[in-house]
Amino acid sequence: MVVGDLHMPFAPRSEEDRRKTADTMKLLFRAADVLRPDLAVFAGDQGKDDDEANMRAIIRRITAPFAAHGIPYALVFGNHDPECAIPLERQLELYAEEYDKCYTFDEVPSVTGCGNCHVLIRDSRGENDVWNLWFADSLSSHPDPKVSYYEWLHEDQIRWYKETARRVKDKHGGRTIPALWFMHIPVREEYGLLRRARLIDLPFSVRGFAAREGRRYVKKTAMPGYLGEDPACAARNSGIFDAWKEVGDVRAAIFGHDHMNEFAGYYRGILLAQCKTASFHNYTDGCHAGVRMITLDESDPSRIRTGMVHFKELGLKSESLGLIQRHFTDREVINAKAALWAAGGLALTAAAAAVVRKAIHSGGKA
Ligand SMILES: [Fe+2]
């Protein structure tokens, strides 16, 4: 189970904030209870606080739904996690201290970022390694926003991946272990799943982010899921996707960061899956906040099943959402507004044309 962008505050600043936390926790507890995953993965932007005791309380709160069932977990850090006084290395220690079934660790501390690591999964008999999970820190804001809004993976991280993958392969007698890659900020290759919007698509399109401002995008057809916003990738390609192709182990990559996006599609043979926010804090998507489930087949690595399970499908009722957001996603509301504007515009044009026609007609008679 992938849990995206919780943005969990320590203490509510308002009654509305309190309700948002209540809704988010309802979702996590119900999802853990009903879906009982073998592993939960936090996809970054978990929450932040400058005080260590408060940070500890946030971590205790978000891991509690999984701790209640003894479900192990892992995490990657998002771009907002370093924006507090507690260094990521210390945050990682707090996770392990608060709920010790944490699989994420800082495999090579000298490598850029925190929590870059890999974890091998054995088959159901507990004999052979059948899958490998990679967790990577996609870093935070770029120091020069004119170059890029976000950083991209550094070369030493990619080198670490390639070298470690080679060692994993050697350890398994030259066999490539199929892998999943978890990271907060999506790769630029996600644009391969989208296309520029045509005139007819405009009401259903999303606005381009940063350098792509002024362009509009829609999801390519025949891909499950939902495009709620333009992928907010770094301006430069780190090359990690090409590294996955070169090494040949990564079958799917899962990202958070874009709270509204929940599409999943294959690009050049690798499944790129967006996990939208599971939170009601920060910007969210109405009652469609949710978790992404991934099911692997130990005997067939090409069979990866995935889909989102949303708040409303878990039979939950929101305390924090308004009447419309309780029933519709933000995208649906935007589309409905666009359709209403278009219908209104057409009606006005028709009325104006009728008035002009009448004026011409009566002018002709005079
Ligand atoms: Fe976020």
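Let me begin with a working definition: a residue is called buried when its relative accessible area is under 20%, exposed when that area is over 50%, and partly exposed in between. I should also say at the outset that what we are looking at is a predicted model.

With that definition in hand, please look at strand β10, residues 250-255, where five of the six residues are buried, so the strand is largely enclosed by the rest of the structure. Which strands pair with β10? On one hand there is strand β6, residues 179-183, which runs parallel to β10 and is joined to it by five bridges; within that pairing, A179 has V250 of β10 as its bridge partner. There is also strand β12, residues 270-274, which pairs with β10 in the parallel sense over four bridges, and here A253 stands opposite L272 of β12.

Helix α5, residues 240-247, belongs in this part of the picture, because its buried residues, which are I240, F241, A243 and W244, fall within an arc of 160° when seen down the axis, so they line one face of the helix. As a reminder, an α-helix has 3.6 residues a turn, so residues three or four places apart point the same way. What do the buried residues of α5 pack against? They pack against α4 (155-171), β6, β10, β11 (264-267) and β12, and that list includes the strands I have just described as paired with β10. Following α5 comes G248, which has a positive phi near 85°.

Let me move on to the metal site. The iron ion is coordinated by D5 through OD, H7 through NE2, D45 through OD and H259 through NE2, at 2.0 to 2.3 Å. Why is the arrangement of these four donor atoms irregular? The angles that they subtend around the iron ion run from 86 to 179°, and this is what makes the arrangement irregular. Along the chain, the donors follow the spacing D-x1-H-x37-D-x213-H, and the pair D5 and D45 links distant parts of the chain, since D5 sits in the loop between β1 (2-3) and α1 (15-35) while D45 sits in the loop between β2 (40-42) and α2 (52-67), 40 residues apart.

Are these two aspartates buried or exposed? D5 counts as buried because its relative accessibility is 0%, and D45 likewise counts as buried, at 2%. D5 has a further feature, namely a positive phi of about 40° although it is not a glycine. For context, most residues other than glycine have a negative phi. R36, found in the loop between α1 and β2, also has a positive phi of about 40° without being a glycine, but R36 is partly exposed, with a relative accessible area of 47%.

Now to the nonpolar interior. The largest nonpolar core has 40 residues, and those with the most contacts inside it are V3, F42, F66, Y73, L75 and Y95; α1, β2, α2, β3, α3 and β13 (290-296) each supply at least two residues of this core. A second, separate core has 30 residues, including V111, L153, V206 and F255. To take one residue from the largest core, L75 touches F42, Q46, L92, Y95, C102, T104 and F135, leaving aside residues up to four places away in sequence.

Two of those neighbours, L92 and Y95, bring us to helix α3, residues 88-98, in which L88, Q91, L92, L94 and Y95 are buried. Because these residues cover an arc of only 160° around the axis, they are on the same side of α3, and they pack against α2 and β3 (73-75).

Finally, there is an open sheet to point out, formed by three strands in the order β7-β9-β8 with antiparallel pairing. Which strands lie at its edges? They are β7 (194-196) and β8 (206-207), each of which pairs on one side only. Strand β9, residues 216-219, pairs with β7 in the antiparallel sense over three bridges, and L194 stands opposite K219 of β9.

Methods. Residues are numbered from 1 along each chain as its sequence is written. This is a predicted model: local features need pLDDT of at least 70, side-chain atom pairs count only at pLDDT 80 or more; totals for chains, interfaces and linings use all residues. Side-chain values use heavy atoms; hydrogens and water are left out. Donors are N, O and S atoms within 2.8 Å of the metal (3.2 Å for Na, K and Ca); water is not among the atoms, so sites may look incomplete. Four donors count as tetrahedral if all angles lie between 85 and 135 degrees; four count as square planar and six as octahedral if opposite donors are over 155 degrees apart and all others between 65 and 115; anything else is irregular. Buried means under 20% relative accessible area, exposed over 50%, partly exposed in between (1.4 Å probe, protein chains only). The arc is that of the directions from the helix axis to the C-beta atoms. Contact means heavy atoms within 4.5 Å. Two strands pair if DSSP finds at least two bridges between them. A nonpolar core is a set of buried Ala, Val, Leu, Ile, Met, Phe, Trp, Tyr and Cys residues joined through side-chain atoms within 4.5 Å.
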